[in-house]
Number of protein chains: 2
Amino acid sequence: MTNPLIRKLEQFTKLSEDDKRVLEQVSAQDVRRLGAREDIIREGEQPKAVNLVLSGWACRHKTLEDGRRQIIAFFVPGDLCDSHVFVLRQMDHSISTLTPVTFTRISRTVMEEITLNHPRITQALWWESLVSASIQREWTVNLGQRSATERMGHLLCELFLRLREVGLTAGNRCEMPMTQTVLGEAMGLSNVHVNRTLQELRSAGLIVLKGRELTIPDLQALMAAAQFNPNYMHLDHDGRHLDANG
Amino acid sequence: MTNPLIRKLEQFTKLSEDDKRVLEQVSAQDVRRLGAREDIIREGEQPKAVNLVLSGWACRHKTLEDGRRQIIAFFVPGDLCDSHVFVLRQMDHSISTLTPVTFTRISRTVMEEITLNHPRITQALWWESLVSASIQREWTVNLGQRSATERMGHLLCELFLRLREVGLTAGNRCEMPMTQTVLGEAMGLSNVHVNRTLQELRSAGLIVLKGRELTIPDLQALMAAAQFNPNYMHLDHDGRHLDANG
DNA sequence: CGGTCCCTTGACAGCCGTCAACTACCGTGG
DNA sequence: CCACGGTAGTTGACGGCTGTCAAGGGACCG
């Protein structure tokens with residue numbers, strides 16, 4: 001399978017063979033593997049590397065003093081935590097796995113080398129980070145304005161499109177390994193209400209969700225039901241004028 | 001009054017006289033003024049400059065097809081919209097004023113010149129953008145996990161600290177020009193419920209809010225009531241090891 | 001076969017939205 | 001000077017979405 005980060009960045013611009021070689025090399029440098037529900041980095045620790053997910057699912061999350069937990073973002077293959085995170089002295093949130101995960105740790109010096117010598121990759125990484133910020137903003141809209149059903153439908157649309165970007169869908173199906181409790185922690189809903197919400201989407205024929213696999217029979221219909229506008233994902237090759245010759 | 005961006009960046013690191021001169025110059029280059037409730041840039045438009053607020057309040061926001069509006073972020077003096085926004089072909093949200101605003105438009109070439117020649121400013125701008133992202137994440141936590149009262153208290157703490165960073169507080173008081181409807185659009189609450197929530201904070205003695213002015217008699221108490229942990233604002237001079245000699 | 005995790009369902013309560021009416025305040029114009 | 005209109009804030013009644021609690025079922029695993 002091709003490298004998920006390369007697949008993702010090619011949504012933005014066409015990379016040269018040299019660019020791809022660099023990214024492949026970076027992805028193979030310090031690869032690690034964790035089981036489900038383990039911490040990649042914890043709140044309060046000093047960030048020492050940019051983490052890139054190669055396979056499996058992870059999440060950013062924060063826990064309040066009284067134990068309530070909010071999942072702030074999901075990471076799927078090809079996702080990168082903030083590329084300039086070194087500037088901060090300590091993490092303000094934790095990153096943990098949801099399933100077994102392989103990831104690679106990109107050091108500060110490697111990031112600096114890329115910035116100096118590979119402008120097209122640098123630009124693509126900026127795009128990646130702007131899109132992440134845009135997704136975070138859309139979550140704000142989601143939590144603030146949408147009903148539970150719309151909210152859940154919106155999340156499923158987003159995850160499906162993000163997986164499709166990196167080639168992890170098969171037709172209208174994709175993996176969906178999160179428990180209903182985890183979905184609730186992301187959407188600010190109780191697990192009981194997540195269940196009711198999923199039942200509603202199922203009985204409307206908008207989703208089939210069973211055994212960690214999601215099928216979306218009619219993506220347009222689900223997008224309409226969730227008031228999903230994909231513009232915030234910037235999947236339209238914003239940087240194609242920078243395409244490499246190769 | 002000193003430049004609010006300089007004041008803010010000095011929360012991160014001490015700037016040299018030369019750095020400050022550059023920032024002053026940039027802030028004075030293409031200054032514009034708008035009245036309340038006008039658009040700085042609209043969703044769908046192509047970003048042509050980085051906007052820096054010099055005075056007044058503005059917000060990012062998005063409107064769903066059925067008219068529900070979510071405010072995604074507030075801008076106060078010293079705040080900057082994404083410094084690499086040029087990479088994207090079109091805006092996925094709008095930025096509008098809440099009060100009369102003076103702002104300056106920093107062009108792509110000026111940003112590139114800073115990146116090339118002023119590494120300490122560049123680093124400070126990265127800090128600024130990471131902190132913005134962190135604030136956005138905290139809003140996700142806010143909307144997902146906190147009750148209306150905690151949520152409102154949390155917002156008021158955040159805004160007070162952000163204003164204090166740039167010298168816009170007087171003791172325990174600051175300006176608070178937003179209507180209750182606007183506060184509701186930010187916190188995902190109806191204006192009626194915002195009112196009830198503010199009444200509750202008032203009767204608990206946690207805030208005094210009257211005539212566009214907010215007083216927080218006991219910031220620690222309000223922070224405790226809202227489960228506010230300021231670590232996400234990274235106000236502790238993360239970059240002080242980079243301090244300029246000047 | 002027992003234990004654990006996850007999903008599911010029902011009953012009930014409470015937070016928060018909607019609707020509606022009223023007040024306060026302010027600037028404008030007669 | 002007062003009338004007027006518009007905006008913002010306030011309050012009460014009511015209903016619904018969503019949380020909590022509790023119990024049971026199914027799948028998987030040691």
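Let's start with a working rule: a residue is near a molecule or strand if its C-beta atom, placed from the backbone, lies within 6 Å of it. What you are looking at is a predicted model, where local features need pLDDT of at least 70, side-chain atom pairs count only at pLDDT 80 or more, and totals for chains, interfaces and linings use all residues. Residues are numbered from 1 along each chain as its sequence is written, while chains are lettered from A and ligands numbered from 1 in the order in which they are written.

Take DNA strand D to begin with. There are 15 residues around it, and A:Ala148, A:Val192, A:His193, B:Thr179 and B:Gln180 come nearest. Two or more residues apiece come from helix H7 (191–203) of chain A, and from helix H6 (180–187) and helix H7 (191–203) of chain B. Helices here are DSSP runs of H or I with at least four residues, strands are runs of E with at least two, and both are numbered from the N terminus. H7(B) has the largest share of this surface, at five residues. Sorted by class, the surface near DNA strand D has five nonpolar residues, 10 polar and no charged. In that sorting, Ala, Val, Leu, Ile, Met, Phe, Trp, Tyr, Cys and Pro are nonpolar, Asp, Glu, Lys and Arg are charged, and the others, Gly among them, are polar.

Now swing over to DNA strand C. Of the 15 residues around this strand, A:Thr179, A:Gln180, B:Ala148, B:Val192 and B:His193 come nearest. Helix H6 (180–187) and H7 of chain A, together with H7 of chain B, each bring at least two residues to the surface. Here H7(A) makes the largest contribution, five residues. The class split near DNA strand C is five nonpolar, 10 polar and no charged.

On to how the two chains meet. In contact terms, 35 residues of chain B meet 34 residues of chain A; two residues are in contact if their C-beta atoms, placed from the backbone, lie within 7 Å. On the chain B side, strand S5 (69–75) and helix H4 (119–145) each supply at least two residues. H4(B) gives the most, with 14 residues. That side of chain B is made up of 13 nonpolar, 14 polar and eight charged residues.

How do the copies relate? A turn of 180 degrees and a shift of 0.0 Å along the axis lay chain B on chain A with an RMSD of 0.0 Å, after least-squares superposition on the C-alpha atoms of residues with pLDDT of at least 70 in both. The two copies are therefore related as by a two-fold rotation axis. The same surface serves both copies, as 97% of the contact residues of chain B recur in chain A.

Within chain A, there are two parts to pick out: domain 1 (4–138) and domain 2 (147–233), with bounds that come from an automatic or database domain assignment. Their C-alpha centres lie 23 Å apart. The contact between them takes 18 residues from domain 1 of chain A and 14 residues from domain 2 of chain A. On the domain 1 side, helix H1 (4–9), strand S5 (69–75) and helix H4 (119–145) of chain A each supply at least two residues. By class, that side has nine nonpolar, five polar and four charged residues.

What about the inside? In soluble globular proteins, nonpolar side chains tend to be buried together. The largest nonpolar core has 126 residues, of which A:Ala58, A:Leu156, B:Ala58 and B:Leu156 touch the most other members. Such a core is a set of buried Ala, Val, Leu, Ile, Met, Phe, Trp, Tyr and Cys residues joined through C-beta atoms within 7 Å. Buried means 20 or more other C-beta atoms within 10 Å of a residue's own, exposed means 12 or fewer, and partly exposed is in between, with C-beta atoms placed from the backbone. Leaving aside neighbours within four places in sequence, B:Ala58 has contacts that include B:Ile40, B:Val53 and B:Phe75.

B:Ala186 sits in helix H6 of chain B and counts as buried because it has 26 C-beta neighbours inside 10 Å. Beyond four places in sequence, B:Ala186 is in contact with B:Ile71, B:Phe74 and B:Leu155.

Finally, look at B:Arg212, in the loop between strand S10 (208–210) and strand S11 (213–215) of chain B. Its phi is near 65 degrees, a positive value in a residue other than glycine. B:Arg212 is exposed, because it has 11 other C-beta atoms within 10 Å.
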